[in-house]
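Welcome! Here are a few short exercises to work through with the model open beside you, each followed by a solution in steps.

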Amino acid sequence: MKLKQRVVLLAILLVIFIFTKVFLIDNLDTSAANREDQRAFQRMLSGLRVALDPRLEHTLQSPWEIAAQWVVPREVYPEDTPELGAVMHAMTTKRIIKADVGYKGTQLKALLILEGGQKVVFKPKRYARDYVVEGEPYAGYDRHNAEVAAFHLDRILGFRRAPLVVGRFVNLRTEIKPVATEQLLGTFMTVGNNTCFYGKCYYCRETEPACADGDIMEGSVTLWLPDVWPLQKHRHPWGRTYREGKLARWEYDESYCEAVKKTSPYDSGPRLLDIIDTAVFDYLIGNADRHHYESFQDDEGASMLILLDNAKSFGNPALDERSILAPLYQCCIIRVSTWNRLNYLKNGVLKSALKTAMLHDPISPVLSDPHLDALDQRLLSILATVKQCTDQFGPDVVLVEDRMTLSHL
């Protein structure tokens, strides 16, 4: 064999070797990543039941100190949380030392300070579990039980971007009124034999108070994020106009995602993929009201999209508002880890997991069966949407690797 032929042959063999090596490494990496996704899913399932137990076996810190130390730029709480039950127990039992009107917003809420100085947001019960909210997908009052269910769904999806939420019963006469500010106290009234209040907010009206059953009011409490992590508010790129007859650009421009990709912080970093994850999350819970979202301040697009204010969810189990999925079907990208988790949850696993996760909540049953059934049906719609994308563009384009090392040191 001539020298020139040998060189050509060696070059061909070298190319084949490099291609094979890269191909094998890529496959091994993908397989390893998928195996880790599977292990993470199994760990999540094994830790679904959160017994509200006051014991803190692993630390001498207060539950509030523990929860504050969990927060990092990409998580509100870590995957392994042996003290989660103790923190949630404290949220639902610690003495209320101050009560005030809620922070700015459109819906009724109260700001409570619990023993030890921890702030929580209290959202009162407005509807029975089987009440169906008719009208627009963002219609009606906030649903306190939706906050509880959304938090546990966040755990199940492995996002860990929603602040801790737990149900709580409060006695308005003995627990709230004695420690209420004048501003909150001025909104209390009695309707029949029930103690009520209407608070201060954009839509709060004296004619539309939230009423207890006698003095006992059911609600949810959301753990306030630590003050050392100030929030920054952003307009959601797929937000609605909330004006009749006026559409947002994304509602008529199918190429809208390409424009979003050219603007900060969606042109680099994890934020656009967070938007996609949030669309999946919101579609499952039926939340069409995420007109804004929060991240941590001065994050330059690196922190997570925090899943705050999920109470406009679980209003109508028969309504599947497909427009919530617009970021997914217009961008046609999704994290591999999210795609894997969604596939693990099909065939009734999602409904079963969420039901199990909420079993020990003080206001259990948190959701009616039609809402749980709706979750499984919506999951199938999400999977079908991703399948349409992969059929059109190929899985290598649609399924995006975005695994970030998270530190709790």
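**Exercise 1: a helix and what follows**

Find the residue that follows helix H4 and state the sign of its phi.

*Solution.* H4 is followed by Gly158. The phi of Gly158 is positive, near 80 degrees. Keep in mind that this is a predicted model.

Next, check the length of H4 against the expected rise per residue.

*Solution.* Start with the extent: helix H4 covers residues 144-157, which is 14 residues. At 1.5 Å a residue, the helix should span 20 Å. The C-alpha atoms at its ends are 20 Å apart, so the expectation and the model agree.

Is H4 enclosed or open to the outside?

*Solution.* Count the buried residues: 14 of the 14 are buried. H4 is therefore largely enclosed by the rest of the structure.

**Exercise 2: the nonpolar core**

Work out where the largest nonpolar core lies with respect to the two domains.

*Solution.* First, look at the members: the core has 105 residues, and those touching the most other members are Ile156, Leu164, Ile176, Trp238, Leu284 and Ile334. Second, ask which element gives the largest share: helix H8 (residues 271-285) does, with nine residues. Third, bring in the domains: domain 1 (45-223) and domain 2 (227-400) both contribute residues, so the core lies between them.

To see one member up close, list some contacts of Trp238.

*Solution.* Leaving aside residues up to four places away in sequence, Trp238 touches, among others, Trp250, Tyr256, Leu272, Ile275 and Pro327.

**Exercise 3: a small set of strands**

Which strands form the edges of the open sheet with the order E5-E6-E7?

*Solution.* The sheet has three strands, and their pairing is antiparallel. Strand E5 (188-191) and strand E7 (210-211) each pair on one side only, which makes them the edge strands. Strand E6 (residues 194-197) pairs with E7 over two bridges. Within this pairing, Cys196 has Cys211 in E7 as its bridge partner.

**Exercise 4: salt bridges**

Explain what the salt bridge between Arg129 and Glu218 ties together.

*Solution.* The whole structure holds 23 salt bridges. In one of them, the side chains of Arg129 and Glu218 meet at 2.7 Å, N to O. Arg129 lies in the loop between strand E3 (118-124) and H4, while Glu218 lies in strand E8 (residues 216-223), so the pair ties together parts that are 89 residues apart in sequence. Are these partners buried or exposed? Both Arg129 and Glu218 are buried.

Terms used. Residues numbered from 1 in each chain as written. Predicted model: local features only at pLDDT ≥ 70, side-chain atom pairs only at ≥ 80, totals over all residues. Heavy atoms only, no water. Core = buried A, V, L, I, M, F, W, Y, C linked by side-chain atoms within 4.5 Å. Buried < 20%, exposed > 50% of the residue type's maximum accessible area, 1.4 Å probe, protein only. Helix = DSSP H or I, 4+ residues; strand = E, 2+ residues; numbered from the N terminus. Domains from an automatic or database assignment. Contact = heavy atoms within 4.5 Å. Pairing = 2+ DSSP bridges. Expected span 1.5 Å × (residues − 1). Salt bridge = Lys/Arg side-chain N within 4 Å of Asp/Glu carboxyl O.
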